[in-house]
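Please take a moment with the sequence and the 3D structure before reading on. The paragraphs after them are meant for someone who has not met this structure before.

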Amino acid sequence: MMRERCRPLHSPSLTMPVFSQSRVLAAALLCAMLPFGTAEQEPEPGLKLLKVASETQRASSSESVLARRRTATTAETMEDAFAKAKGQAIQSGGTIYLRSLSGRLLNVDSEGTLSLSHSTLGQAGMVIHKAGSGAMRSGDSIFLQAGGNLLALDGTSVKADDSSPGPMHQWIIEKAGGGEIHSSDAVVLRLANGGTLRTIDDRVLATKTVKAQPFILEQLPYGSLHDVVGHDGVLMITLKRKSSKRRDSYSLNALGAANVYPIEFAATDAADAPKTQLDMTCPLESDEGASNWCNDMGRSGAPGCKSTIEQAITDSHRRALVRALNRQGPSSNWTAIIEDDVVPLMPEQFDDAFREAWAQLPKEAKLVRLGWCTFENDLGTIRDEAIHEGEHGSRLVRKRWWTDRGGNKHYYTGGCTTGYMVHRSMIPEMLGIFPCCCPIDCCLERQLFYSPAQKVGESEWEKWRGHEIMVDMDLVNSKVRSAGYATFAQSGILAQDNRKIKSERPEWGQTA
């Protein structure tokens, strides 16, 4: 078959074959298609309870917050986040959370079933809509959307379904005294047929009753990153095992301080994922014939993933890219994908730094890395050149290089998939790197970043696809700020913090 040439991992002066055009398209198509409490108190009758609810909430907020802080670290951050957004007008198309007076929040699972929990960390909220735009007001007719589906009455139960909007989906929002609806207001939600949203034990119901149960309507203070990707546009890849301690709480709390609120994306679990799914994403190096298969597919020098964990991590990113491709809505062109050990390096400056850097992003950029790693032990000093430096410490970088003994500069991207933003138009090309024959960061380097540019120029940088489509978002002295977080050097506005969360790759789960 015809073979193109590109640069292998860490060594752009060497060459290696890559997929032919037809095999890239076939692999992309195949990989993209892989499927891969305490009982609630009964409220007093009538809407007048809303005034009582608001007063009770304010009077007991300190006591209830302290109680939750003693029992769950996640509640502390979410209480602080809700407090930052308190008083903001709720706009049509905004994302909200509904909390009962006991403090539990309504969550909607992937099956559309409503449940109650004490934390919204990593959970998608509900989008509130009305006819037209603008702020919500008491008495407005609204729709509540969760996971792309509308909240509807199913008998007496409430769930999200995908049927066309009708009376069963239409709610009336009310608050005591009327007027504009704000974050942290107490509200009642009634169906057009007279049913009122309420909770009994762990059930979420809508029943016809004279008793109205108020909910506290909350909103998060979404920052500048969400201005680009939307409220549901930061996907955090994390293992979700019922029997193990939640991995991502530390990162979610830290990111909340930067006004970044990811949605959990269930990682592929190496313990129970089908072998065929893992092998089609990245064959296992130890399997008989894997190396020959990789060579035959044009992956010379990369004989496969070393472990099922590497396979699962690679597959998790593939599936996250498919999710990003299928997102809908006005802010769905860009999606951020991050791992569950990620923290912001300067949370207090993150909003301003991101905003000023994004304003200077070259229009041809389709992939923006928010964190990456470099390996000076392999190649010597790594240098870069910024195309933007902002007053809040932000940097945008396109040129990074190592220098050989003859003084020649070689384009260098570094590794790690700490966090990145991808434009929808770039995703089909990224899916074309699968099946990989090494872990995801290595695969991106070999099969994308170090592949030939579509418009090859004269300079070292203009030879490579990575320089055409990718920009790195950095902070001044990020490598120094992140020193000790992991065993490798890191740069970016995000970093992997393995001091608190060990990497799923055993050889990386250390800090010294």
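What follows goes from one helix to aromatic rings, then to charges over rings, and last to salt bridges.

The model shown here is a predicted one, and every value quoted below is computed from it. A helpful place to begin is helix H12, which spans residues 440-449. Because 10 of its 10 residues are buried, helix H12 is largely enclosed by the rest of the structure. The buried residues include Ile-440, Leu-444, Leu-448 and Phe-449, and charged residues are listed with them, among them Asp-441, Glu-445 and Arg-446.

From there the reader can turn to the aromatic rings. A pair of aromatic rings is described by how far apart the centres lie and by the angle between the planes. The count of such pairs in this model comes to nine. One of them joins Phe-350 and Phe-354, whose rings are stacked, with 6.3 Å from centre to centre and 10 degrees between the planes. Both residues belong to helix H9, residues 347-358, where they are four residues apart, or about one turn of the helix. An α-helix has 3.6 residues a turn, so residues three or four places apart point the same way. With a relative accessibility of 4%, Phe-350 counts as buried, and Phe-354, at 2%, counts as buried too.

Phe-354 also takes part in a second pair, with Trp-358: the ring centres are 5.6 Å apart and the planes stand at 15 degrees, so this pair is stacked. Phe-354 and Trp-358 again both lie in helix H9, four residues apart, which is about one turn of the helix. Together with Trp-334, the residues Phe-350, Phe-354 and Trp-358 form one aromatic cluster.

Where do charged side chains lie over aromatic rings? Lys-409 lies over the face of Trp-401, at 4.4 Å from the ring centre, while the charged end of Arg-499 sits over the ring of Tyr-485, at 4.0 Å from its centre.

Charged side chains also meet one another. Side chains of opposite charge can pair when their charged atoms come close. The structure holds 23 salt bridges, and one of these is formed by the side chains of Glu-264 and Lys-240, with 3.3 Å from N to O. This pair links distant parts of the chain, 24 residues apart, since Glu-264 is in strand S16 (residues 263-266), and Lys-240 is in the loop between strand S15 (234-238) and helix H5 (249-256). Glu-264 has a relative accessible area of 13% and is buried.

Helix H9, already met through its aromatic rings, holds both partners of another salt bridge, Asp-352 and Arg-355, which are three residues apart, about one turn of the helix. The closest N and O atoms of Asp-352 and Arg-355 are 3.2 Å apart. Asp-352 counts as partly exposed at 32% relative accessibility, and Arg-355 likewise counts as partly exposed, at 41%.

A further salt bridge brings together the side chains of Asp-472 and Arg-369, with 2.8 Å from N to O. Here too the pair links distant parts of the chain, with Asp-472 in strand S24 (residues 470-475) and Arg-369 in strand S19 (residues 367-374), 103 residues apart. Both Asp-472 and Arg-369 are buried. Finally, salt bridges that share partners join Asp-384, Glu-389, Arg-395 and Asp-474 into one network.

Methods. Residues are numbered from 1 along each chain as its sequence is written. This is a predicted model: local features need pLDDT of at least 70, side-chain atom pairs count only at pLDDT 80 or more; totals for chains, interfaces and linings use all residues. Side-chain values use heavy atoms; hydrogens and water are left out. Buried means under 20% relative accessible area, exposed over 50%, partly exposed in between (1.4 Å probe, protein chains only). Helices (H or I, at least four residues) and strands (E, at least two) are DSSP runs, numbered from the N terminus. Rings of Phe, Tyr and Trp (its six-membered ring) pair if their centres lie within 6.5 Å; planes under 30 degrees apart count as stacked, over 60 as edge-to-face and the rest as tilted. A charge sits over a ring if NZ of Lys or CZ of Arg is within 6 Å of the ring centre and within 35 degrees of the ring normal. A salt bridge is a side-chain nitrogen of Lys or Arg within 4 Å of a carboxyl oxygen of Asp or Glu.
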